[in-house]
Every structure is written in structure tokens, then in C-alpha cells.
Amino acid sequence: MVQPGQMAPPVGAPTGDSSLVFRAGTLLCALRLGEVVETMRPLVTHPLAGTPAFVTGICIMRGIPTLVIDVARLLGGAGADVERFIAVRTEHGPVAFATGAIHGVRPVSADSAHRHEALLGDAPARLVAAVGTIDAEPVLLLQSMRLVPDEVWAAAAALTVPS
């Protein structure tokens, strides 16, 4: 329902949260714009021992050590070409998502009724808020706050040198 002072969207216009849409291997994924800090070319990444395979390592982003997560490996198990980093905020600190090409900002519905558990395949359900479509292709709306397990943050903290 449109409130007084608001404009109604055009009939037939897509609805949903404005999200950054990107490729992660064969998957089309999205993050809500409110979670995205910036996008950038991939930075030099240093391996981090004792972490899951989807943790590529640590990079220095704007002077801050930042975990790098391979989104394709996290969701599908296989790595893919990395074309961009997407920096996001989490409760523990910044994270860089290593992704394929970015497809721009598009509305993606976050209706939990559209989770379609059967479509998630091997992707951990806790990582995906909803499954929508863009141009008849499924798109996974990710929950960035839940992408990094606590044990990975602990491993990164163990590397921190006291100042």
C-alpha cells in the first residue's frame, strides 16, 4: 500500500530491496546495498592457515587487515575466476568477497517465502535469505553477516600482532 507522500511504483516494475548483483562461479548472487561498502579490483591476498577452503586469506583494504572469502567456493564448493572484491560490513569487521563479474544494482525480493530450499543445493541455508529470479535466472540473496563462521574470525584474531 502506498503511503501519503510516496509514489507508487510503475505497474509491472520489479519490486524488492536494491541489491548488488554479481556472479560467483555459475551462480548469480546478490547482497543488499546496505551491507555493501564498496567494490574494487582484487587485492593481493595472503593465505591464512587453519581456515576453511573458502577463506582465500587476508588482504589489506584501506589499511585494515580484511578476510577474503571466495563466494563461489563457499556456496558451490568449486573455486571460480575472481574479477572483483566486494567489501561488506560485519559485526566482527570488514570482509572482502571475491566474486566474478558484477551485474549492477537490481531489485531482489527478500521474501522468505521465496527461499526454495530445494534450489539451494549445497549452499548452506543459513547463508541465503531468499531465492529470486532475474531474467528467468535464479539469484541467491545472501546474508553477509552469516557468511564467516566464528572459527575463522578466531583464526584471524590469532594472527593479530599487539601494538
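In which strand is the place of Gly132? In this predicted model, Gly132 belongs to strand β9. The residue is buried, because its relative accessible area is 15% and the cut-off for burial is under 20%. Beyond the four neighbouring places on either side in sequence, Gly132 touches Glu137, Pro138 and Val139. Gly132 also lies 6.5 Å from Val108, C-alpha to C-alpha, although 24 residues separate the two in sequence.

The chain as a whole holds ten strands and two helices. Along the sequence, these elements run β-β-β-β-β-α-β-β-β-β-β-α. The chain has 163 residues, and 40% of them are buried. Its exposed surface is about 9,100 Å². Carbon and sulfur atoms supply 56% of that area. Contacts were also sorted by sequence separation. Of those with a separation of 6 or more, 56% join residues 24 or more positions apart.

Strand β9 is part of an open sheet of five strands. The order across this sheet is β8-β1-β2-β10-β9, and the pairing is mixed. Two strands form the edges, β8 (102-108) and β9 (128-134), and each of them pairs on one side only. From one strand to the next, the twist averages 35°. Within the sheet, strand β2 (residues 27-32) pairs with strand β10 (residues 137-142). The pairing is parallel and spans three bridges. Cys29 stands opposite Leu140 of β10.

The loop between β9 and β10 contains two residues with unusual backbone annotation. Asp135 is found in this loop. Its phi is near 50°, a positive value in a residue other than glycine. Asp135 has a relative accessible area of 67%, so it is exposed. Ala136 lies in the loop between β9 and β10 as well. Ala136 is not a glycine either, yet its phi is positive, at about 70°. Ala136 counts as exposed because its relative accessibility is 75%, and the cut-off for exposure is over 50%. Gly132 in strand β9 is buried, whereas Asp135 and Ala136 are exposed.

Nonpolar packing was examined next. The largest nonpolar core has 28 residues. Those with the most contacts inside this core are Phe22, Leu31, Leu67, Ile69, Ile86, Phe97 and Leu142. Helix α1 (residues 71-76) contributes four residues, the largest share of this core. Apart from this core lies another, of nine residues. Its members include Leu28, Ala30, Ile134 and Leu141.

What does Phe22 touch, not counting residues up to four places away in sequence? Its partners include Leu27, Leu28, Cys29, Ala30 and Leu31. Also among them are Val71, Ile86 and Thr99. Phe22 further touches Ala101, Ile102, His103 and Leu142. Three of the partners named here, Leu31, Ile86 and Leu142, are listed with Phe22 for the most contacts inside the largest core. Leu28 and Ala30 also touch Phe22, but these two residues belong to the core of nine residues.

How values were computed: Residues numbered from 1 in each chain as written. Predicted model: local features only at pLDDT ≥ 70, side-chain atom pairs only at ≥ 80, totals over all residues. Heavy atoms only, no water. Buried < 20%, exposed > 50% of the residue type's maximum accessible area, 1.4 Å probe, protein only. Contact = heavy atoms within 4.5 Å. Areas by Shrake-Rupley, 256 points an atom, 1.4 Å probe, with all protein chains shown as cover. Core = buried A, V, L, I, M, F, W, Y, C linked by side-chain atoms within 4.5 Å. Pairing = 2+ DSSP bridges. Axes fitted to C-alpha atoms, helices over the stretch in contact; angles between N-to-C directions.
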